[in-house]
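Colleague: Please take me through the packing of one helix pair in this model. Then show me how the rest of the fold is arranged around that part.

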Amino acid sequence: MIIAVDGPAASGKGTIAKALARHYHLPHLDTGLLYRAVAATVRRMELDPEKEADAVAACDFDELTLADPGLRDDDVGQLASVVSAHPLVRAALLQRQKRFAHQEGGAVLDGRDIGTVIAPDALAKLFVRATPTIRAQRRHAELKNRGSTVSYDQVLADIRARDERDSSRSAAPLVPAADAALLDTSFLSIEASIAKAIALVEARR
Ligand code: C5P
C-alpha cells in the first residue's frame, strides 16, 4: 500500500502524510528532507550547486542527518528548491526513494513528484494545496514560534518564488499526477484535512 502525498510548500502535506502513516501503520519519508540535506551540505562545503551537488546527493544521508532541525529553516528550503531542479541531483536520490516506497507492506511519502515519478503505481495519490497567502500565514506563524523575526511579506515572497521554481523546472516539476485526488486545505482545520485525506485514501482501496 503506497500512499503518495504531493503539494507545494506549507500546503499541509507533511502533517497529512504523518497522520496517514500513523493511521495505516506505515513508515513515512519526508522526501523534502533529502533535498534539504543536499542543500545544507552544498552550503556548508561552499560547493557550486551547478557542478557538485550531484556528488553530494549521492552520499548516503542517514536518519541522524535528516533529523537535524536546521534543515527546516526557510533559507535551506530555498536552496533546496534550487539544487533540486538539477536532473543529476534528482537522479542521485531516485533509487533511495523508490526503494522506500516499494518496501514490503507499503509506505507513505510526501514531496513534489511522488505520484508522478517515484511511485506512479501508488494506490492512493493526494495532491494537497492551499492558496499562497494562507500557506504564507501558516509558515509565518510557524517561523515566529521558532523565534524567527522574518516578516509575513518576506515569507509570502519566498513561497511564491519557490512555487515558481518548483513548477517551472523541466525535471519532475510540481504538477498533480493525472490520477491524483486534489485536497485543498485553505479553509480546513488540521483535523478536517486529515479526515478528508483518510476518506480519499479509503475511496481508492
Ligand atoms: O517539501 P520541502 O519544502 O521540504 O522541500 C524543499 C524543496 O525540495 C522543495 O522546494 C522542492 O524544490 C524540493 N523537493 C523536490 N522533490 C521532492 C521533495 C522536495 O524537488 N520530492
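Modeller: The crossing of α8 and α9 is right-handed (the near helix is turned clockwise from the far one by less than a right angle; anticlockwise would be left-handed). This is a predicted model: local features need pLDDT of at least 70, side-chain atom pairs count only at pLDDT 80 or more, and totals for chains, interfaces and linings use all residues. Residues are numbered from 1 along each chain as its sequence is written.

Helix α8 covers residues 132-145, and helix α9 covers residues 152-168 (helices are DSSP runs of H or I with at least four residues, strands are E runs of at least two, and both are numbered from the N terminus). Their axes lie 9 Å apart, at an angle of about 125° (axes are lines fitted to C-alpha atoms, for helices over the stretch in contact, and angles run from 0 to 180 degrees between N-to-C directions). α8 and α9 are therefore oblique to each other (under 35 degrees is roughly parallel, over 145 roughly antiparallel, 65 to 115 roughly perpendicular, the rest oblique). From α8, the contact uses Pro132, Thr133, Arg135, Ala136, Arg139, His140 and Leu143 (in contact: C-beta atoms, placed from the backbone, within 7 Å). From α9 come Tyr152, Val155, Leu156, Ile159, Arg160 and Asp163. By class, the residues of this contact of α8 with α9 are seven nonpolar, two polar and four charged (nonpolar: Ala, Val, Leu, Ile, Met, Phe, Trp, Tyr, Cys and Pro; charged: Asp, Glu, Lys and Arg; polar: the others, Gly among them).

Take Arg139, which sits in α8. Arg139 has 20 C-beta neighbours inside 10 Å, so it counts as buried (20 or more other C-beta atoms within 10 Å, placed from the backbone; 12 or fewer is exposed, in between partly exposed). Beyond its neighbours within four places in sequence, Arg139 is in contact with Ala10, Val155 and Ile159. From Arg139 to Ala17 is 122 residues in sequence and 17 Å in space, C-alpha to C-alpha.

α9 also packs against helix α5 (residues 74-83). Their axes come within 9 Å and cross at roughly 20°. α5 and α9 are therefore roughly parallel to each other. The crossing of α5 past α9 is left-handed. Asp74, Gly77, Gln78, Ser81 and Val82 of α5 meet Asp158, Arg162, Arg165 and Asp166 of α9. That contact of α5 with α9 has one nonpolar, three polar and five charged residues.

Now the sheet. Five strands form an open sheet in the order β2-β3-β1-β4-β5, with parallel pairing (two strands pair if DSSP finds at least two bridges between them). β2 (28-30) and β5 (181-184) are at the edges with a single partner strand each, so one side of each has no neighbour in the sheet. From one strand to the next, the twist averages 20°.

Strand β1 (residues 2-6) has five of its five residues buried, so the rest of the structure largely encloses it. Ile2, Ala4 and Asp6 point one way, Ile3 and Val5 the other. Five bridges link β1 in parallel to strand β3 (residues 107-111). There, Ile2 stands opposite Ala107, and Ile3 has Val108 as its bridge partner. Strand β4 (residues 124-129) pairs with β1 over four bridges, also parallel. Asp6 is partnered by Phe127 in β4.

Helix α1 (residues 13-24) lies across β1, β2, β3 and β4. α1 runs at about 180° to β3.

Conventions:
Two residues are in contact if their C-beta atoms, placed from the backbone, lie within 7 Å.
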